[in-house]
Amino acid sequence: MEIEDIKSIGVIGAGVMGSGIAQVLARTGYHVVLVDISEELLKKALEKIEKGPFGLMRLVEKGKLTEEEVKNIMERIHPTININEVEDCDFIIEAVPESPELKKEIFKKLDSICKEECIFASNTSSILITDLASAVERKEKVIGMHWFNPAPVMKLIEVVRGALTSDETYNLTVRLAEKCGKTPVEAKDTPGFFTTRFILILTNEAVRMFERGIAGIKEIDTMAKLGFGFPMGPFELMDLVGLDTILHISNYIYNETGEEIFKPPITLKKLVLSGYIGNKKIKMGSKGGWYDYYKPEK
Ligand SMILES: NC(=O)c1ccc[n+]([C@@H]2O[C@H](COP(=O)([O-])OP(=O)(O)OC[C@H]3O[C@@H](n4cnc5c(N)ncnc54)[C@H](O)[C@@H]3O)[C@@H](O)[C@H]2O)c1
């Protein structure tokens with residue numbers, strides 16, 4: 001298969017990442033089949049793609065797109081709760097929650113319905129691609145395509161080769177990332193690849209410094225922004241991504257590698273157990289994040 005042969009792309013999961021990925025693909029000109037488990041979630045995803053903070057209408061306001069173009073992009077996205085509708089897709093990107101069991105179950109189902117040449121990419125932040133590939137026959141067509149949040153804005157895509165990923169699959173995925181205006185970087189298949197390992201070391205160390213009384217939450221965030229030019233501090237980042245997600249990924253990498261540096265800090269666990277899973281997840285029942293529990297002045 002050549003990059004020109006890819007016309008239709010299936011995106012499984014229309015949450016934070018799947019909706020952003022679908023937006024980028026449709027804007028690039030692809031026909032997108034966007035799958036989730038309820039009509040309500042799909043409706044929310046389409047609203048976000050059109051009118052969200054990183055949505056298409058923002059680009060109209062900035063004069064980068066016309067309303068007519070937005071209409072055409074939206075028409076290229078076909079939302080559905082029936083996963084069988086991806087059967088004619090040339091490429092699939094799964095962006096369901098970070099569970100090896102769920103992702104493998106979905107890949108297995110896709111393996112039985114998709115055409116032989118279709119490539120299966122996973123947006124996982126940490127799970128071994130070789131593990132996900134073990135669920136399907138087409139192991140040479142399974143790859144990691146790790147986008148960053150918010151997908152319409154962030155330029156990086158980490159491309160992860162599993163043990164049996166073919167050169168053809170790798171090259172096509174790199175070309176697809178480039179066609180979407182992104183910069184692909186190659187990663188080895190190891191828990192957390194290299195981008196998630198990097199960010200977890202920062203967030204875990206930030207929490208440990210706070211636990212040991214070395215510095216406060218606000219001071220650490222201020223240091224990251226004003227001292228090192230990060231767009232946000234590690235505590236603000238955890239509040240945005242979700243403390244539950246950080247804990248989950250940290251546990252996965254620690255359990256897989258045994259490396260102490262990835263051991264989740266106890267304070268992070270305590271906050272998650274108490275319902276503080278981040279200030280961006282309040283609609284999902286979160287009581288807030290680091291700043292809400294410890295109340296340092298912002
Ligand atoms: N949030 C981030 O900052 C971020 C960044 C990079 C990568 N990721 C990775 O992307 C993936 C998705 O993360 P997210 O933050 O978008 O999660 P999310 O919870 O926002 O979205 C997941 C979506 O998948 C849907 N879903 C669940 N089961 C499904 C099924 N059987 N079929 C179809 N859809 C199903 C859910 O209803 C939900 O809408 C994870 O693997 C995560 O590690 C997340």
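This report describes the fold, one helix, the ligand surroundings and several backbone details of a predicted model.

**Overall fold**

The secondary structure of the protein chain amounts to 13 helices and eight strands. A compact globule of 298 residues would have a radius of gyration near 19 Å, and because the protein chain has 19 Å, the value agrees with that expectation. Taken along the principal axes, the C-alpha atoms of the protein chain fill a box of roughly 55 × 45 × 35 Å. Of the 298 residues in the protein chain, 43% are buried. When the contacts between residues at least 6 apart in sequence are considered, 64% of them join residues at least 24 apart.

**Helix H2 and its two faces**

Helix H2 covers residues 39-51, and its 13 residues reach 18 Å from the first C-alpha to the last, which is close to the 18 Å expected at 1.5 Å a residue. The buried residues of H2 are Ala45, Leu46 and Ile49, and they lie on the same side of H2 because they cover an arc of only 95 degrees around the axis. As a general point, an α-helix has 3.6 residues a turn, so residues three or four places apart point the same way. The exposed residues Glu40, Glu47 and Lys51 are carried on the face of H2 turned away from its buried side. As for the partners of the buried side, the buried residues of H2 pack against helix H1 (16-28), strand S2 (31-35), helix H3 (56-61) and strand S3 (77-80).

**Surroundings of the ligand**

The ligand is surrounded by 24 residues, of which the closest are Gly13, Gly15, Met17, Ser125 and Asn149. Helix H1, against which the buried residues of H2 pack, supplies three residues to the shell around the ligand, and this is the largest share. By residue class, the shell divides into 14 nonpolar, eight polar and two charged residues.

Asn149, one of the closest residues to the ligand, also takes part in a backbone feature, since the peptide bond from Asn149 to Pro150 is cis, with omega near 0 degrees. Pro150 itself is found in the loop between strand S6 (142-146) and strand S7 (156-161).

**Residues with positive phi**

Two residues other than glycine, Phe193 and Lys295, have a positive phi, and the table sets out their values and locations.

| Residue | Phi | Location |
|---|---|---|
| Phe193 | near 50 degrees | loop between strand S8 (183-187) and helix H8 (195-211) |
| Lys295 | about 50 degrees | segment after helix H13 (290-294) |

As to burial, Phe193 counts as buried because it has 25 C-beta neighbours inside 10 Å, where 20 or more are required. Lys295, by contrast, is exposed, with 10 other C-beta atoms within 10 Å, the limit for an exposed residue being 12 or fewer.

**The segment after H13**

Lys298, like Lys295, lies in the segment after H13. Lys298 counts as exposed because it has 9 C-beta neighbours inside 10 Å. Leaving aside residues up to four places away in sequence, Lys298 touches Lys218 and Tyr291. In the pair formed with Lys218, the two residues stand 80 residues apart in sequence, while their C-alpha atoms are 6.5 Å apart in space.

How values were computed. Residues numbered from 1 in each chain as written. Predicted model: local features only at pLDDT ≥ 70, side-chain atom pairs only at ≥ 80, totals over all residues. Helix = DSSP H or I, 4+ residues; strand = E, 2+ residues; numbered from the N terminus. Expected span 1.5 Å × (residues − 1). Arc of directions from axis to C-beta. Contact = placed C-beta atoms within 7 Å. Near = placed C-beta within 6 Å. Nonpolar A, V, L, I, M, F, W, Y, C, P; charged D, E, K, R; others polar. Rg over C-alpha atoms; globule rule 2.2 N^0.38 Å.
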